[in-house]
Amino acid sequence: MAGPVAQSLTGINIKSSQNRLLIKNGRVVNEDGMEDADVYIEDGIIKQVGRNLIIPGGTRTIDATGLLVMPGGIDPHTHFELEMMGAKTADDFYKGTRAAVAGGTTTIIDFVLPEKGQSLVEAYNHWRQKADNKVCCDYALHVGVTWWSPSVKKEMQQLVEEHGINSFKMFMAYKDAWMLNDYELCQVMETCVELKALPLIHAENGSIIARNTEKLLAAGVTGPEGHALSRDEEVEAEAVNRACVIANQMNSPLYIVHVMSKSAVQALRLARTRQKQPLFGETLAATIGTDGSHYGNACFRHAAAHVLSPPLRARDTPAAIVDALAHDDLQIIASDNCTFHEKDKELGKDNFSKIPNGVNGVEDRMAILWQKAVNTGAMDPCRFVAVSSAAAARAFHLWPRKGRVAEGADADLALWDPRRERTVSAHAHHHAVDFNIFEGTHVIGSPQYVIVNGRVCLDDGELRVVEGFGKFLPTPPAAPAAYGARERTSDASDAPPADTPSPRASPVYTNGTPTELSISNKQMEGLSVSGCSTPTGRKMREPGQRDLQNSTFSISQELEGLDTKTSVRVRNPPGGKSSGLW
């Protein structure tokens with residue numbers, strides 16, 4: 001009798017130890033500060049953050065000396081298993097999320113895009129069937145509104161109330177396919193406001209693009225260079241401005257996807273001077289990692305592989321977009337990962353308008369951002385966390401469960417080695433295609449370990465993902481970042497001093513459940529939607545704390561004496577210290 005019992009207990013202990021993990025000697029980085037701390041994980045949840053932790057026996061320990069312990073990345077813009085323009089994306093939900101995890105991203109948000117006339121709920125169910133058994137990390141969904149009728153409005157309500165959807169995407173481009181007219185945009189935005197959902201916009205003037213395409217093809221311009229010529233910066237900026245005007249008239253928050261140009265950034269900056277509700281700007285890894293010079297390449301395969309919409313821009317654009325991210329003109333970096341095989345890109349061999357739009361990026365997004373922004377001194381690691389993770393978590397109501405290294409949060413972590421050097425190459429990436437738009441880019445800084453829901457999925461550089469391990473994340477409506485902050489109740493010891501103005505009110509938690517409160521427009525004026533505490537998006541410093549945002553920032557200096565350096569903790573981080581999670 002004793003033998004089987006002992007074996008059973010041993011099995012329980014082994015299983016339990018596999019669910020326990022201690023990360024020691026690392027530097028924890030959140031959007032509001034850095035500190036030297038250990039992190040203890042159990043059953044997929046962060047249980048303790050600090051020093052001298054009391055840990056159960058049999059716990060696996062990872063020595064994170066020299067590593068930055070950051071929230072896993074959140075990529076809010078991917079297209080896996082999408083059918084468009086006569087082709088289907090190469091990365092399915094398994095290969096796509098596998099590539100995401102390899103690059104440090106632990107949550108993705110994909111897009112359900114119904115056909116004209118198709119039921120939104122039917123399309124949503126189809127996407128769930130495609131994804132649920134394949135994803136290697138957690139995922140959520142946006143739903144596209146590609147046509148309009150009273151039945152669409154009813155289905156939007158159903159998706160919010162019954163299926164965990166809090167964001168809807170509209171297109172101002174792709175005429176005769178997904179494009180909505182301005183009146184329809186008004187109706188969708190009004191419905192989003194009623195449902196407390198966040199409207200997303202692909203901002204390009206589809207009518208101008210259609211006419212320019214006709215003229216270019218008539219003039220004999222058929223190659224990939226015609227794609228960029230048909231939709232220059234002005235075409236994007238006009239649509240960004242128009243989308244913002246419509247949102248302002250409908251008293252709606254707005255999220256602009258893939259901002260690709262300096263002109264579009266300027267339109268966003270101007271819109272914020274008049275906007276009554278929060279305005280989010282997203283850009284892409286492709287925007288900062290490469291440029292539009294590739295469209296002139298004589299090799300069709302090379303040029304077509306860079307085709308996406310809006311297109312890549314002039315060579316001075318990447319630095320300008322990095323600056324916009326650093327200064328909070330833009331708040332989020334995504335990938336818009338939408339890969340196609342070479343044979344699919346060749347559908348547009350004689351007509352650039354038939355080249356399926358899309359590039360890679362979900363795997364290299366974080367490394368490209370680190371190389372182009374942190375290693376250049378444009379932003380510090382805290383801002384890196386904000387734009388690669390925390391701001392998206394806030395916008396889509398996943399924060400602080402996601403996007404933060406804190407007690408009670410999901411154990412989704414990227415243990416980042418800022419000294420790790422590699423050269424980006426299609427020969428080494430995990431995508432289903434044999435082309436990478438960042439080919440040959442030398443990056444210093446990549447994840448050494450990636451932890452998804454407490455499981456080590458990138459283990460000292462070795463990828464060990466599990467198909468179907470991820471889960472669907474319902475996203476509740478009324479995200480505080482989009483529909484007004486909410487004050488919290490907590491112990492008096494957690495409250496800021498009475499004379500300390502709160503940069504952002506945060507959720508009320510009653511028995512761990514967020515409670516809705518409203519806030520006036522004036523209270524939101526001047527607040528950054530990125531979750532940072534100043535209009536510029538840069539965090540406020542405590543007395544004596546060095547400004548890491550300026551151009552003299554050096555990651556090597558920050559890592560000197562990593563084991564012994566005293567930490568600086570922000571006492572009242574943006575969003576407040578919540579007393580629970582949803």
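Biologist: Why does Phe 171 count as buried?

Modeller: In this predicted model, Phe 171 has 2% relative accessibility, and buried means under 20%, so Phe 171 counts as buried.

Biologist: What makes Phe 171 and Tyr 174 an edge-to-face pair?

Modeller: Their ring centres are 5.8 Å apart, with 70° between the planes. Rings pair if the centres lie within 6.5 Å, and planes over 60 degrees apart count as edge-to-face, so the name applies.

Biologist: Why is Tyr 174 called buried?

Modeller: Tyr 174 has 19% relative accessibility; the cut-off is under 20%, so Tyr 174 counts as buried.

Biologist: What makes Tyr 174 and Trp 178 an aromatic pair?

Modeller: The distance is 5.6 Å centre to centre, against a limit of 6.5 Å. The planes lie 70° apart, which makes the pair edge-to-face.

Biologist: How do you know that α15 is largely enclosed by the rest of the structure?

Modeller: 15 of the 15 residues of α15 are buried, so the helix is largely enclosed. Helix α15 covers residues 381–395 and bends by about 50° at Val 387.

Biologist: What makes the approach of Asp 380 to Cys 382 a polar contact?

Modeller: A side-chain oxygen of Asp 380 comes to within 3.0 Å of the backbone nitrogen of Cys 382, at the start of α15. The limit for N or O atoms is 3.5 Å, so the pair qualifies.

Biologist: How do you know that Arg 128 lies over the face of Phe 472?

Modeller: Arg 128 is at 4.0 Å from the ring centre, and the limit is 6 Å. Phe 472 also belongs to a cluster linked by ring pairs, together with Phe 80, Phe 93, Tyr 124 and Tyr 139.

Methods. Residues numbered from 1 in each chain as written. Predicted model: local features only at pLDDT ≥ 70, side-chain atom pairs only at ≥ 80, totals over all residues. Heavy atoms only, no water. Helix = DSSP H or I, 4+ residues; strand = E, 2+ residues; numbered from the N terminus. Expected span 1.5 Å × (residues − 1). Bend = angle between axes of the 7 residues up to and from the residue. Buried < 20%, exposed > 50% of the residue type's maximum accessible area, 1.4 Å probe, protein only. Polar contact = N/O pair within 3.5 Å; in protein donor to acceptor, adjacent residues only side chain to side chain. Phe/Tyr/Trp six-rings, centres within 6.5 Å; stacked < 30°, edge-to-face > 60°. Lys NZ or Arg CZ within 6 Å of the ring centre and 35° of its normal.
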